[in-house]
Amino acid sequence: EVGYALARRMGLTRVAHRRGVALELGCMLALAGTLGAVLGVVVGALAAPAVDPQPAHPPDPLLAVPWPVLAAVVAAAVLLTWAGSRLVQRAADRTRVGEVLREAV
């Protein structure tokens, strides 16, 4: 709050702040989602042969990447990024600069 209050005094616009928050949230969610998806596919590929109930009989287990689920996760991440940046901006707009600066000292 103190950083935003001081940046507002130095000319930071609401739109620029909201974009910055959205970029920060979006990068965190994108990194977490990518890391989770890659690790899930790698672990699934390593574990698939071990869970075959009858390894002597074909067919070999298939690794099926759930593309619709991954697309839903990406859509949810975009929605959460947008909603989160709006909520953070709304909370930042409601802060009283004088009170925040008094508490910081």
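## A walk through a four-helix chain

Let's begin with one residue: Asp 93 has a relative accessibility of 31%, so this residue counts as partly exposed. Keep in mind throughout that the model is a predicted one. The side chain of Asp 93 pairs with that of Arg 14 in a salt bridge, with N and O 2.6 Å apart. This bridge ties together distant parts of the chain, since Asp 93 belongs to helix H3 and Arg 14 to helix H2, with their positions 79 residues apart. What about the partner's exposure? Arg 14 has 38% relative accessibility and therefore also falls in the partly exposed class, which runs from 20% to 50%.

How many salt bridges does a search of the whole structure find? The count is two. The other pair is Arg 96 with Glu 99, where the closest N and O atoms lie 3.2 Å apart. Arg 96 is exposed because its relative accessible area is 58%, over the 50% cut-off. Glu 99, with a relative accessible area of 35%, is partly exposed.

Now step back to the whole chain. The protein chain has four helices and zero strands, and from the N terminus its elements follow the order α-α-α-α. The radius of gyration is 23 Å, well over the 13 Å that the globule rule gives for 105 residues, so the chain is more spread out than a compact globule. Along the principal axes, the C-alpha atoms fill a box of roughly 75 × 25 × 15 Å. Buried residues account for 13% of the 105 residues. The accessible surface comes to about 8,100 Å², and 70% of that surface belongs to carbon and sulfur atoms. As for how the chain meets itself, take the contacts between residues at least 6 apart in sequence: 76% of them join residues at least 24 apart.

Two residues let you look at contacts between helices H2 and H3. Gln 89 sits in helix H3, and at 1% relative accessibility it counts as buried, because the cut-off for that class is under 20%. Which residues does Gln 89 touch, once its neighbours within four places in sequence are left aside? They are Tyr 4, Arg 14, His 17 and Arg 18. Arg 14 is familiar from the salt bridge with Asp 93.

His 17 is the other residue to look at here, and its place is in helix H2. With a relative accessibility of 16%, His 17 counts as buried. Beyond its neighbours within four places in sequence, His 17 is in contact with Tyr 4, Leu 12, Val 88, Gln 89 and Ala 92. For a feel of distances, the C-alpha atoms of His 17 and Leu 35 are 27 Å apart, with 18 residues separating the two along the chain.

Further along helix H2, which covers residues 14-47, you come to Val 42. Val 42 counts as partly exposed, given its relative accessibility of 41%. Together with Val 38 and Leu 46, Val 42 forms a nonpolar patch on the surface, and the three have about 280 Å² of accessible area between them.

Next comes the loop between H2 and H3, where Pro 59 lies. What kind of peptide bond joins Pro 58 and Pro 59? That bond is cis, with omega about 0 degrees. Pro 61 is found in the loop between H2 and H3 as well. Its relative accessibility is 36%, so Pro 61 counts as partly exposed. Not counting residues up to four places away in sequence, Pro 61 touches Ala 48, Pro 49 and Asp 52. Between the C-alpha atoms of Pro 61 and Glu 1 there are 53 Å, and the two residues are 60 apart along the chain.

Our last stop is Thr 95, in the loop between helix H3 (67-93) and helix H4 (97-104). Is Thr 95 buried or exposed? At 18% relative accessibility, Thr 95 counts as buried, since the cut-off is under 20%. Its side chain reaches the backbone oxygen of Ala 92 at 2.7 Å, and Ala 92 is also one of the residues that His 17 contacts. Leaving aside neighbours within four places in sequence, Thr 95 is in contact with Glu 1 and Val 100.

Terms used:
Residues numbered from 1 in each chain as written. Predicted model: local features only at pLDDT ≥ 70, side-chain atom pairs only at ≥ 80, totals over all residues. Heavy atoms only, no water. Buried < 20%, exposed > 50% of the residue type's maximum accessible area, 1.4 Å probe, protein only. Polar contact = N/O pair within 3.5 Å; in protein donor to acceptor, adjacent residues only side chain to side chain. Contact = heavy atoms within 4.5 Å. Patch = residues over 30% accessible without salt bridge, like charges linked within 9 Å, V, L, I, M, F, W, Y side chains within 5 Å. Areas by Shrake-Rupley, 256 points an atom, 1.4 Å probe, with all protein chains shown as cover. Salt bridge = Lys/Arg side-chain N within 4 Å of Asp/Glu carboxyl O. Rg over C-alpha atoms; globule rule 2.2 N^0.38 Å.
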